[in-house]
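Visitor: I should like to learn how the features of a protein model are read, one at a time. Where might we begin?

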Amino acid sequence: MEPATDTPGVPDVFDPRLYAEGIPHERYRLLREHHPVAWQAEPEIQGWPAGPGFWAVTRHADVVRVLRDHRTYSSWLGATQIRDPDPADLPFLRRTMLNQDPSPRPCGPGETPTSHGRLRRLVSRAFTPARVDAFGGRVRDRARSLLAAARDGAEDGAADLVRTVTDEYALLNLTDLLGVPASDRALLLEWTVRIIGYQDPEDAPAPLLGPDGKPLNPRSPALLGEMFSYARELAAHKRAHPGDDVMTALALAGLDPAELEMFFFLLTVAGNDTVRSAAPGGLLALARDPDAHRLLAEGRVPRDRAVEELLRVHPPVLSFRRTAAVDTELAGQPIRAGDKVVVFHASANHDERVFTDPARLDLARTPNPHVSFGDGPHVCLGAHFARLQLRTLYEEWCATMPPPELAGPPRRLVSNFINGITRLPLRVSGPRW
């Protein structure tokens with residue numbers, strides 16, 4: 001029996017245009033309360049083709065169960081985006097560990113076996129906490145200089161923090177860690193915007209169209225050739241001129257060319273956009289709660305806990321998809337093998353069953369088991385670096401800037417995947433207290 005596609009009382013949380021108005025917390029609450037595993041239709045939107053629909057998972061316990069149980073809920077079968085990829089692209093997408101499972105799946109024609117564990121261990125050795133922590137001083141200097149430049153260059157005492165601070169901050173910190181030459185850094189932001197912002201007609205360039213007149217998936221191999229060519233050239237340069245950076249470690253790790261290309265893709269996009277999304281989200285949350293900012297600025301809440309709470313209320317990623325590998329049941333809802341199962345991080349982070357008064361920004365909240373960096377075998381490898389950057393930026397804001405105050409309406413990314421902010425006008429001049 002086919003799932004219902006228009007169940008009364010089940011709100012839509014698929015349409016990416018919803019998220020331009022803010023995270024749909026009331027819709028999530030209704031789903032958590034009455035339909036914790038709810039069928040969602042996938043109509044055609046803005047030229048992107050319709051899909052078969054999916055199960056939306058909104059309670060914290062169920063989200064964690066899906067993320068941890070890779071045998072039942074696979075990243076490999078259909079990759080990890082809500083939209084179905086072109087079947088011809090699946091072998092390509094499965095080269096990245098994001099779209100692999102710890103337990104290998106049967107290979108299709110032309111595919112080779114993958115090893116999620118081997119690839120994750122390789123990148124873990126390249127992304128060590130010691131290497132990340134060594135960048136702490138450079139990260140702090142960058143936060144301080146970017147905030148000072150935003151303040152000194154502000155018109156009428158206000159600046160768009162996305163344009164003047166957070167985009168550059170996330171990008172330059174990542175390229176330092178990767179070892180990307182300064183002359184090439186703008187390329188990484190261009191690629192990130194193209195891949196992450198593809199649902200937003202204002203944020204991304206006009207999509208390229210296929211022979212059928214439909215937009216091409218920006219993650220397809222046809223549109224990633226420039227990035228992959230650059231990754232190969234950079235790896236060759238690092239082998240000849242090694243440095244203490246992540247790309248040198250990967251270039252010398254014995255990866256085959258396709259694996260190295262996909263690592264570069266994953267680190268460039270995910271590594272950049274995690275902080276690029278979370279940093280303005282945290283500042284916006286503080287601007288909307290002056291009392292919370294005062295506690296942070298006065299040192300009355302632990303900085304590490306504050307970072308976790310700001311991540312809880314503004315997770316960088318809104319959703320991730322899995323595909324049911326077997327017939328199963330989740331929260332009493334039968335799910336068939338092959339069904340898409342999509343977890344919603346922002347909903348899980350506001351589940352009343354786990355978080356007391358979840359709508360309140362409580363910078364001292366503990367425990368705080370948010371899922372903003374995922375859970376299970378795909379938990380974010382760059383979480384340590386992201387936390388370092390966020391903590392440093394908030395510390396430098398409190399030390400050098402006035403209380404954050406909106407100077408105009410923020411603009412959110414049109415996306416059901418990334419919880420992005422594309423404009424954040426804040427007051428940047430005035431007394432600190």
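**Reading strands, a helix and enclosed space**

Guide: Let us begin with strand β5, in which both faces are covered: Ser319, Arg321 and Thr323 on one side are buried, as are Phe320, Arg322 and Ala324 on the other. The model is a predicted one.

Visitor: Why are the residues of a strand sorted into two sides?

Guide: In a regular strand the side chains alternate between the two faces of the sheet. In this case the strand, β5, spans residues 319-324, and 6 of its 6 residues are buried.

Visitor: Which strands pair with β5, and in what sense do they run?

Guide: Strands of a sheet pair through backbone hydrogen bonds, either parallel or antiparallel. Here β5 is joined to strand β8 (residues 340-344) by 5 bridges, and the two run antiparallel. Within that pair, Phe320 stands opposite Val343 of β8. Strand β3 (residues 73-74) is also antiparallel to β5, with 2 bridges between them. There, Tyr73 faces Ala324 of β5 as its opposite residue.

Visitor: In what order do the strands of the sheet lie?

Guide: The sheet is open and has 5 strands, ordered β1-β2-β8-β5-β3, with mixed pairing. Its edges are β1 (37-42) and β3; each has a single partner strand, so one side of each lacks a neighbour in the sheet.

Visitor: How many residues of the edge strand β1 are buried?

Guide: Of the 6 residues in β1, 5 are buried, so that the strand is mostly covered. As for its pairing, 5 bridges link β1 to strand β2 (residues 51-57) in the antiparallel sense. Two of the residue pairs may be named: Ala38 has Ala56 of β2 as its bridge partner, and Trp39 has Trp55 of β2.

Visitor: Trp55 has now been mentioned. Which residue lies 275 residues from Trp55 in sequence, and how far apart are the two in space?

Guide: That residue is Leu330, and the C-alpha atoms of Leu330 and Trp55 are 10.0 Å apart. Leu330 belongs to strand β6 (residues 328-330). Its relative accessibility is 0%, and therefore Leu330 counts as buried. A similar reading applies to Phe92, which lies in helix α3 (residues 90-93). Phe92 has 7% relative accessibility and so counts as buried, the cut-off being under 20%. Although Phe92 and Met262 are 170 residues apart along the chain, 9.0 Å separates their C-alpha atoms.

Visitor: Let us turn to a helix. Why does the end-to-end distance of α7 agree with its number of residues?

Guide: An α-helix has 3.6 residues a turn, so residues three or four places apart point the same way. The span is a separate check: helix α7 (residues 161-178) has 18 residues, which at 1.5 Å a residue should span 26 Å, and the 24 Å between its end C-alpha atoms agrees with this. A bend of about 30° occurs in α7 at Glu168.

Visitor: What is found at the two ends of α7?

Guide: At the start of α7, Asp160 places a side-chain oxygen within 3.1 Å of the backbone nitrogen of Val162. Just after the helix, Gly179 adopts a positive phi of about 90°. As to exposure, α7 is mostly covered, with 16 of its 18 residues buried.

Visitor: How is empty space within the protein located, and how many cavities of 30 Å³ or more are there?

Guide: Rolling a probe the size of a water molecule over the atoms shows where empty space is left. In this model, the count is 5 cavities of 30 Å³ or more. The largest cavity has a volume of about 860 Å³. Its lining comprises 48 residues, of which Leu98, Leu266, Ala270, Phe320 and Cys380 are the closest to its centre. At least two lining residues come from each of α4 (116-126), α8 (185-196), α11, β5 and α15 (383-400). The largest share, 10 residues, is supplied by α11. Phe320 thus appears again, having been placed opposite Val343 in the sheet.

Visitor: What is the volume of the largest pocket, and which residues are the closest to its centre?

Guide: The largest pocket holds about 560 Å³ of space. It is lined by 22 residues, and the closest to its centre are Ile23, His25, Arg288, Val313 and His350. The elements that give two or more residues to this lining are α1 (25-34) and α11 (257-287).

How values were computed
Residues are numbered from 1 along each chain as its sequence is written. This is a predicted model: local features need pLDDT of at least 70, side-chain atom pairs count only at pLDDT 80 or more; totals for chains, interfaces and linings use all residues. Side-chain values use heavy atoms; hydrogens and water are left out. Buried means under 20% relative accessible area, exposed over 50%, partly exposed in between (1.4 Å probe, protein chains only). Helices (H or I, at least four residues) and strands (E, at least two) are DSSP runs, numbered from the N terminus. Two strands pair if DSSP finds at least two bridges between them. The expected span of a helix is 1.5 Å times one less than its number of residues. The bend at a residue is the angle between axes fitted to the seven residues ending there and the seven starting there. A polar contact is a pair of N or O atoms within 3.5 Å; within protein, one must be able to donate a hydrogen and the other to accept it, and residues adjacent in sequence count only if both atoms are side-chain atoms. On a 1 Å grid over the protein atoms alone, a cavity is a set of points where a 1.4 Å probe fits but cannot get out, and a pocket is an open set with protein on both sides within 12 Å along at least five of seven lines; lining residues have an atom within 4 Å of a point. Grid points are joined across faces, edges and corners, and a volume is the space filled by probe spheres set on the points.
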